[in-house]
Amino acid sequence: MKKIFSVFLFIISAAVSAQKAEIQNSEQISDYFDEIKTAAQRGAELWNQDLYGSILLVEPKTRQLYSNEADTDKTLKEQGAIYSGKLPDHINIANTSIVWNGKTWAMIMLPLPENKYDRINLLAHELFHRVQASLGFVQSNKESIHLDQKDGRIFLRLELEALTKAILSDSKKEQKTYLTDALTFRKYRNSLFPESAAMENQLELNEGLAEYTGLIISGRDRQQTKEHFASTISSFLKNPTFVRSFAYHTTPAYGYLLGLTDQFWNQKIKGNTDLTAFFIQSFAITVPDHLKAATEKAAVRYNGKKIASEEKTREEKIKKQIAAYKSQFIDQPHFDLRFEKMNVSFDPRNMVPLEDKGTVYPQIRVTDNWGILEAEKGALMSKNWDKISVSFPTKISDETVEGDGWKLQLNKGYSIKKDAQNIHYQLIKE
C-alpha cells in the first residue's frame, strides 16, 4: 500500500496571523513568482542551492491553479508570464510538495499573506520540501502524541517561553541562561516520555528545517525577526494541540540564535542528526544532572505555576472529549474505510490522540481508489494509518454515502456492507 501524506501546513506557518491579499490578476501572481525567485537566489548560500523551482498556487474554493512553469502533460495553459489551469478533484489541496504531471511541485494555497516577509517565508518553506530529499532529509511527520498530555505540554510551553526570552534579549549572558533553561525543560520532558526525543527529532528535521529555511530566506531584519517569533509563538500556544506543529517554532528559534554566531550551522547536520544534542554542543550548554530539581527552579522564571494550572484544567476537559470520541468511533456502530492508495490533507492544529487507538482529525479530506471522503465533524485515523473510521452511515446510494458531518463520493467497483457480528460498516471491493 502506498501512502501519500499532505498536511495543511499553511495553518501553522508564519502566515497564520497575517492578513491575506486578494488575487487581482495574472500580473500579481507573476510578481509573487518574481519575488520568491529573487529571494531564493539571494539566499542560495543557505543550502548551497537555489531553491526556486516548480510552484503551484491554488485557489481552494475553485481549484484554480497558477504556475510559474508548464507541466509535461500540458494541462496548464500559458497566460502571459504564468500558466493556469484546474487542479483535478482527486488531488488534495494543501501547502505541501506533490508529484503531479511529470514534476515535483511546491503547492501553496491562495490567498498568500499580504505581508511580503510572511509571503516569502511560506513559499520558501514549501520550496524546501520540494528538494529536501536531495539535501538528505526524509519527509516524516510522525505525531508526538505525548505533547497532548499535561506534562508534555507544560514542558514544551516552558521551553518556548525560555526561547522567546532568549530571542528578545540582546545580552549574550541572558541568552545563555535562557537557552540552558529551554534545553533543560526539553531534556526533562523527553525523560518523562520514552522515545519522545526521537519522535520530536523527526518532525524538527522535516518541518523545523523547512520553517527555518523560510525564516532565513524571508530576509527579515533582526527587529522584524524578534517581532515575528514573539507573534508566531504566542499564536501557536493558543492552538488546541501541539503534536504536529511544535517544530515550526522550536527549530527556527534555536537555529536563529545559533545563526547569530554560525551562519551556516544547518550545513553541518544530516538526516540522522540528533538536533537536541547538536544544539547543546553548539551553544556549549551544560544541562544539569538533576533535571527535575533544575526544572522546578527554572520554571519560576516563566510563570510555571500558571502554566501548570492551565494545563491541569485542560486535562480534565480533554478527558471528556476523548471519552466522547471513543464512544463515537470505537464503541458505537461506525464505518471503517481501509486504505489502498491514500492521499490525505487535514488541519493539524486541533487533532485529538486517542491513546493507542489512533488520532481523531476534526476536519479531514481523504482520496483513495474507492473515492473521496470529506469529514467536518471528525474521523478516527488508525494508529498504523491503514484505515479511517467515521460515524455510521445515514444515507447510502450507489454513488454517495453520508453520515453526520461526513460524505463519501464512492467510485465504481466499491460498496458498503454492515457486519452482522460487530454491527459496524465496512467498505467492500466488488
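Strand β18 covers residues 406–410, and its side chains alternate between two faces. W406, L408 and L410 point to one face and are buried, whereas K407 and Q409 point to the other face and are not buried. Buried here stands for under 20% relative accessible area. The model is a predicted one.

Strand β18 has neighbours to pair with. Strand β13, residues 371–375, runs antiparallel to β18 and is joined to it by five bridges. Strand β17, residues 400–403, also runs antiparallel to β18, with four bridges between them. Strands of a sheet pair through backbone hydrogen bonds, in either the parallel or the antiparallel sense.

Which residue of β18 stands opposite E374? It is K407. K407 is also the bridge partner of E402. K407 belongs to the face of β18 whose side chains are not buried.

The link between β17 and β18 is a hairpin with two residues between the strands. In its turn, G405 has a positive phi of about 85 degrees.

Elsewhere in the chain there is an open sheet of seven strands with mixed pairing. Its order is β10-β11-β14-β15-β8-β20-β19. Which strands stand at the edges of this sheet? They are β10 (352–353) and β19 (414–418); each has a single partner strand, so one side of each is left without a neighbour in the sheet.

Within that order, β11 and β14 stand next to each other. Strand β11 spans residues 359–361 and strand β14 residues 379–381, and the two pair in the antiparallel sense over three bridges. One of the residue pairs here is T359 with its bridge partner M381 in β14.

These strands are part of a chain whose secondary structure comes to 10 helices and 20 strands. The radius of gyration is 23 Å, close to the 22 Å that the globule rule gives for 430 residues, so the chain is as compact as a globular protein of that length. The C-alpha trace spans about 70 × 55 × 35 Å along its principal axes.

Of the 430 residues, 55% count as buried. Among contacts with a separation of 6 or more, 70% come from residues 24 or more positions apart.

The accessible surface comes to about 19600 Å², and 48% of it belongs to carbon and sulfur atoms. As for charge, the chain has 57 positive and 55 negative side chains. The centres of these two sets lie 3 Å apart.

Methods. Residues numbered from 1 in each chain as written. Predicted model: local features only at pLDDT ≥ 70, side-chain atom pairs only at ≥ 80, totals over all residues. Heavy atoms only, no water. Rg over C-alpha atoms; globule rule 2.2 N^0.38 Å. Buried < 20%, exposed > 50% of the residue type's maximum accessible area, 1.4 Å probe, protein only. Contact = heavy atoms within 4.5 Å. Areas by Shrake-Rupley, 256 points an atom, 1.4 Å probe, with all protein chains shown as cover. Lys, Arg positive; Asp, Glu negative; His and termini not counted. Charge placed at Lys NZ, Arg CZ, Asp CG, Glu CD. Pairing = 2+ DSSP bridges.
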